[in-house]
Amino acid sequence: MEFAELIKTPRVDGVVLHRPFLPTVEGTLCLTGHHLILSSRQDNTEELWLLHSNIDSIEKRFVGSLGSIIVKCKDLRVIQLDIPGMEECLNIASSIEALSTLDSVSLMYPFFYRPMFEVIEDGWNSFLPEDAFKDLESMTDEWRLSEVNKDFSVCPSYPPLVAVPKDIDDETLRKVATFRHGGRFPVLSYYHKKNGMVMMRAGQPLTGTNGRRCKEDEKLINATLRPGKRGYIIDTRTINVAQQAKARGGGIESEANYPQWRRIHKAIERSNVLQESLIKLVEACNDQSHNMDRWLSKLEASNWQTHVKEILTTACLAAQCIDREGASVLVHGTEGTDTTLQVTSLAQIILDPSCRTIRGFQGLVEREWLQAGHPFQQRCAQSAYSNSKPRQEAPVFLLFLDCVWQILRQFPCSFEFSESYLVLLFEHAYASQFGTFLGNSAAERAKLSLPEKTVSLWSWVNRHQEIERLTNPLFEANSLVIWPSVAPQSLLLWEDSQYIDVIYITIIIIIIILFTISKKYYYDINA
Amino acid sequence: MEHIRTPKVEQVRLLDRFSNKSTNGTLYLTATHLIFVESSSNNLTSAAQEIWILHHHIASVEKLSLTTTGCPLVIQCRNFRVVHFVVQRERDCHDIYSSLLRLLRPVSYEELYAFSYNPKQNDQQREEGWQLIDLGAEFERMGVPCDQWQLTDVNRDYKVCETYPRDLYVPITASKPIIVGSSKFRSKGRFPVLTYFYQEKKAAVCRCSQPLSGFSARCLEDESMLQAISKANHNSRFVYVMDTRPKLNALANRAAGKGYENEDNYSNIRFQFVGIENIHVMRTSLQKLLEVIGTRSLSMGDYLEGLESSGWLRHIKAIVDAAIFLAKAVTVEGASVLVHCSDGWDRTAQVCSLGALLMDPYYRTIKGFMVLIEKDWISFGHKFADRCDQLDGDPKEVSPIFTQFLECVWQLSEQFPQAFEFSEWFLLQIHEHVHSCQYGNFLGNNQRQREELQLRERTHSLWAYLLSEKQNYLNPFYSPAYCEAHPVLEPSTLPYHFKFWRNMYHQFDRSMHPRQSILKTILTLRENSHKAESTLQALENRLHQLGVTPLTTSDPPAHPPTRDQRTNSNSLPPRPDSLILGAPVNHKDVQGQDDEDEQDEVGEEAVESTDMERTVEGSSGTESRKQSYGELEGTYNNELAKEEPAVVSLEFGVARMTC
């Protein structure tokens, strides 16, 4: 095993661990191929197990012979390890650096991890497209499941099975794929049961500068319209950005060719801008100057909250078109793998009560993010502390989770899950023992044989002890559409607050009281 | 009544502040209230909505220029409600406008609502209400008088200081000549007196106004006074003197013959500036803040920038920082502290009361908080009449000093959700009544004036009313055990712990609030659990009467650790709904109109409370949000699908009690 070569000092005694808000721990530090472990070797103290893949960057400091390593994690935690001995410290640091930047996917921990729990339900099979389609079939017969992408040849980032309008044959789909960025022809994202309206997503149309046209594309999306009705195309880019894309072969649906559609442009930022925003936000949060003006101006300069507001607004707009206007919607940006997915998935949270359950949310992440081809591995390779030059990293998924949290805060009784569920997904998207978020698309996951070689996060989450931990005690099924407020005064900064814990503990106590009482009633009646 | 020219105007439109929505209704002008009643034809699914605005709450009325639809009238209230009416006929609008102008500027105290307000209590009940808070007993609770501190009668007839209360506590070694001498050397005669005594370390918190030191003047009696305060505490060799002003302001005061203590003259002091700005800066800051958050379709960038440039949160943090400094000096170092600003009734009141709140868990209870306000604000002469603009006075004297104090308390309660017996609702209710002039407590500028107005004989006490509704203000997360373990709060001063208090400044802007409220849900759960418990008790009693031993002896009733009162559990007063508590929690409202089968206990309770209340707030949140997401105008903007039923939510009980 080549890991051993990278580990010069596997064990150091007398290491002191500092964590914010927690007492320090002294113990033995061990390095394994995938973990950094600190154990005090006493019975009741918890051990630190940190995945190397979770480490974003490290810093070394020396005071005399005492070295310190500051470990900054992708999940935004910062810990400090005081290591006696200069050489040990340097060895540990270089090992961590090497182990945390291994490039090969097949060396990742999920391929080595064996579950310590009984897998009752294999999460890899929990959310298959054919099952989702069965639900759709029970509501409408206007759609079919196409196998055109069976071998990922039509669109490398799509799953093998996609839902398309019934009247559109595979040949047409192949043609449309050549007209859309990345071969991402319009597919069904969501069917609104209440009025039969649909939301579709795609890549940008490849009109180029000379205004190329694709009749099949027009036919495909028109097939989703009711007679005499019009639809909306929500382009997540500003009109300027979209126009500029023409020079690179991209473009927009022109009014002349799509007379039944009205195009709306929104301005959701993408890629590097978002990564910088996250870096600035985290920097602002870690500023120790205790200066209010500085904090507010840094928060503003980070633009993070602006992104949250913009994404939420666009999602609300899409939901509004479907539910209030009774119109079908097509959402796309450039590639259709980032901002598009933020919008389509959030709109479903707003519209569809089943997405607000623990399992329904998994289904949503599975459908709209994993199978829809959000490149998790590229986007989550680095986080806010990394020193290396960002490549394709962007906190697209984190922003989505932040938006969900905003809605959760405004409708605290309408979600089956609590905030911890969102935090859990954030952590596992960046570093995990499970294979769920590995790879960039369904095709890559199939090539890596993830379902055979790794364990699914859902297998672990969907056990009753985990579900219990993630359940929101205030949940009461709410079958309505929930419209969040997007006013800046209504949006908060997502911080991990102890307040929430207190609330949940209090509610649980009250529920236990109620439960005890109802039990007593039962006894009394029997008596 | 003679000021009311038109008591009723029909066909008035109420515009929503943040959307294009409007409702039609009728405007009524009474001697005490401006009332808007929505015409019932507007909305068949819900009861007609009403808005009651107390004249004393109106800060300004503005008549905008005539439009094609009518004459706009914008009313800004001190509780941060902003209403925008459009009156069809200009003459009506002008009548209302000029009546309001007169009504909202009372010239004598007798015109204030408190003197006409009658909650159907007899004299004895009223008297009892006034006796609820006893400051003598409060000082006894702190352990004063004791071997180092005594009650002095020097101000019995308000001879030494007009703006102080009659009863004052000073060090035992401070003789009358020292007191009188010191008072002559202090602005407005406000010499150093005890306001809080930290028994554990025998450390005192004293307050006063700035010394009349000018550039070089000194006063031996004043120096002996500080010496006496220092000597009364054996834990520390010195007294901290906190000047809560920015140093520049204090320096400027020297030119006017005032200033600050010279450390060379006072042998035993440690002098410290803490830099809280003056009332004028605070007033402007709040104005800026309100301007920013009142902007329609505000962008996130402009919001954050406005929040920063208004400086409001910076000022709030400065006050909390000062209070933390005070609490640390007393509890950690065991030193006594003397706090002053210019006159010692604004910043000094903020810092002393907030510091005491950090040190003493009692002040974080409902009763204790009332005592704290009564002591540090009312009795020590915070000029409520001037600061809250009760009578037509100098606009430069108006300043949100007390609002800031309430906000600081709210910020702390966000950091320590378990440490406070009351919820933010209690703070908002107090804020409401500081401006309502409905109760006598906050009228006037000082105790002497209140005695002259015979407030105890002629008006009612707010505290009695609030205590009678105590159930409504309880914080369900409050844990006495937590307070025992953490008697002194040590808040973080990292800036991101200071948040914009939406429920204060947007209290009446329904579209801004969460549509479901954790607080309200838990309160409902709690009430149900109380009810269930009392039913259980009744059942058990009956079993006993029937001579049956319940099987449950092996399963004793779970007495929850958080439950503290089970006394009047079956006679809970109906809880008025509030906007800040967000959207309704009962199923009927959230789940749509066709859920008529929700008539279990929860449903009944909800019906009961809606019947009791009369004050109803304007718009349905979903509806006003409809337009705010983006540009759906043009050909597509036809009549939208049927709305969810307009949610009826009720606000604070101010107006309710007058019906």
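This passage walks through a predicted model, from the make-up of chain B to two buried residues and a hairpin in chain A.

Chain B offers a good place to start. Its secondary structure consists of 24 helices and 14 strands. Of its 659 residues, 62% are buried. The chain nevertheless exposes about 25700 Å² of surface, and carbon and sulfur atoms supply 49% of that area. The contacts within chain B also tell a story about folding up a long sequence: among those with a separation of 6 or more, 74% are between residues 24 or more positions apart.

One residue of chain B deserves a visit of its own. The UniProt record, an unreviewed entry, places the feature "active site" at Cys341(B). In the model, Cys341(B) sits in the loop that links β14 (336-340) to α10 (347-359) of chain B. Is this cysteine buried or exposed? Cys341(B) counts as buried because its relative accessible area is 2%, and the cut-off for buried is under 20%. Leaving aside residues up to four places away in sequence, Cys341(B) touches several stretches of chain B: Cys208(B), Ser209(B) and Gln210(B), then Asp243(B), Thr244(B) and Arg245(B), and finally Asp346(B), Arg347(B) and Thr348(B).

Chain A can be read domain by domain. Its three parts are domain 1 (4-102), domain 2 (129-490) and domain 3 (500-526). Between the C-alpha centres of domain 2 and domain 3 of chain A there are 39 Å.

Earlier in chain A comes a neat example of a hairpin, formed by β5(A) and β6(A) with two residues between them. Strand β5 (residues 55-63) and strand β6 (residues 66-73) of chain A run antiparallel and are joined by eight bridges. Val63(A) stands opposite Leu66(A) of β6(A). In the turn, Gly64(A) has a positive phi of about 65°.

Another residue to look up in chain A is Arg356(A), in the loop between α10 (339-351) and α11 (358-370). Arginine or not, this residue is buried, because its relative accessibility is 1%. Setting aside residues up to four places away in sequence, the neighbours that Arg356(A) touches include Ile349(A), Ile350(A), Leu351(A), Phe415(A), Glu416(A) and Leu480(A). Asn478(A) is also on the list of residues touched, and its backbone oxygen lies 3.2 Å from a polar atom of the Arg356(A) side chain. By contrast, His18(A) is 338 residues away along the chain, and its C-alpha atom is separated from that of Arg356(A) by 37 Å.

Notes: Residues are numbered from 1 along each chain as its sequence is written. Chains are lettered from A and ligands numbered from 1 in the order in which they are written. This is a predicted model: local features need pLDDT of at least 70, side-chain atom pairs count only at pLDDT 80 or more; totals for chains, interfaces and linings use all residues. Side-chain values use heavy atoms; hydrogens and water are left out. Helices (H or I, at least four residues) and strands (E, at least two) are DSSP runs, numbered from the N terminus. Buried means under 20% relative accessible area, exposed over 50%, partly exposed in between (1.4 Å probe, protein chains only). Contact means heavy atoms within 4.5 Å. Accessible areas come from the Shrake-Rupley method with a 1.4 Å probe; for residues, only the protein chains shown count as cover. Two strands pair if DSSP finds at least two bridges between them. Domain bounds come from an automatic or database domain assignment. UniProt positions are given in the numbering used here, feature names are shortened, and annotations may be inferred rather than shown by experiment. A polar contact is a pair of N or O atoms within 3.5 Å; within protein, one must be able to donate a hydrogen and the other to accept it, and residues adjacent in sequence count only if both atoms are side-chain atoms.
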